[in-house]
Amino acid sequence: MSTISHGPSRVVEEPRWTLQLLVPEMWTSLAIVVIWLAVLFDAVYGPNIENTTAGGDHSSVPSAVPIALFAFFATWVLARHGFGSRRKTND
């Protein structure tokens, strides 16, 4: 029985942290977090949307409700674009 010797093992270098800043998923995650933090701060400190009719009826809705709706759509678009699969073209 014989054995096959392998060559010397290679040293694998760790990627530099400056290269990790170029990862698009990190920036996508950061953008989504900032969007929802804006919704949170508006919910805590923002005013209400108030409506008064000519008949005297009065309604009030927190301003975070429509902002959260737009934040949901923005998150959806960012996630599809930032976390979507990258297609490589063969030139």
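The legends below describe close-up views of a predicted model of one protein chain.

**Figure 1. Overview of the chain and its secondary structure.**
The chain has 91 residues, and its secondary structure comprises three helices and two strands. Followed along the sequence, these elements appear in the order α-α-β-β-α. Of the residues in the chain, 10% count as buried. The chain exposes about 8400 Å², and 64% of this area is supplied by carbon and sulfur atoms. Among the contacts with a sequence separation of 6 or more, 52% join residues that are 24 or more positions apart.

**Figure 2. The pairing of helices α2 and α3.**
Helix α2 covers residues 24–45, and helix α3 covers residues 64–82. How do the two helices run relative to each other, roughly parallel or roughly antiparallel? Their axes come within 10 Å and cross at roughly 175°. Because an angle over 145 degrees counts as roughly antiparallel, α2 is roughly antiparallel to α3. On the α2 side, the residues that meet α3 include E25, T28, A31, I32 and I35, together with W36, V39, D42 and A43. On the α3 side, the residues that meet α2 include A64, I67, A68, A71 and F72, together with A74, T75, L78, A79 and G82.

**Figure 3. Close-up of T28 in helix α2.**
T28 lies in helix α2 and is one of the residues of α2 that meet α3. Is T28 buried or exposed? The relative accessibility of T28 is 7%, so T28 counts as buried, the limit being under 20%. When residues up to four places away in sequence are not counted, T28 touches L78, G82 and F83.

**Figure 4. Close-up of I32 in helix α2.**
I32 is placed in helix α2. With 15% relative accessibility, I32 counts as buried. Which residues does I32 touch, if those up to four places away in sequence are not counted? They are T75, L78, A79 and F83. I32 and W76 are separated by 44 residues in sequence, while their C-alpha atoms are 9.3 Å apart in space.

**Figure 5. Close-up of T75 in helix α3.**
T75 is found in helix α3 and is among the residues of α3 that meet α2. A relative accessibility of 17% makes T75 count as buried. Apart from its neighbours within four places in sequence, T75 is in contact with I32, I35 and W36. The contact between T75 and I32 also appears in the view of I32.

**Figure 6. Close-up of A79 in helix α3.**
A79 lies in helix α3. How does A79 count: buried, partly exposed or exposed? A79 has 26% relative accessibility and therefore counts as partly exposed, a class that lies between the limits of 20% and 50%. Leaving aside neighbours within four places in sequence, A79 is in contact with I32 and G84. A79 and S29 are 50 residues apart in sequence, and the distance between them in space is 8.2 Å, C-alpha to C-alpha.

**Figure 7. A nonpolar surface patch that includes Y45.**
Which residues make this nonpolar surface patch? They are V33, L37, L40, F41, V44 and Y45, and the patch amounts to about 630 Å². Y45 is found in helix α2. The relative accessible area of Y45 is 67%, so Y45 counts as exposed, the limit being over 50%. T28, also in helix α2, counts as buried at 7%.

Technical notes. Residues numbered from 1 in each chain as written. Predicted model: local features only at pLDDT ≥ 70, side-chain atom pairs only at ≥ 80, totals over all residues. Heavy atoms only, no water. Helix = DSSP H or I, 4+ residues; strand = E, 2+ residues; numbered from the N terminus. Buried < 20%, exposed > 50% of the residue type's maximum accessible area, 1.4 Å probe, protein only. Contact = heavy atoms within 4.5 Å. Patch = residues over 30% accessible without salt bridge, like charges linked within 9 Å, V, L, I, M, F, W, Y side chains within 5 Å. Areas by Shrake-Rupley, 256 points an atom, 1.4 Å probe, with all protein chains shown as cover. Salt bridge = Lys/Arg side-chain N within 4 Å of Asp/Glu carboxyl O. Axes fitted to C-alpha atoms, helices over the stretch in contact; angles between N-to-C directions. Parallel < 35°, antiparallel > 145°, perpendicular 65-115°, else oblique.
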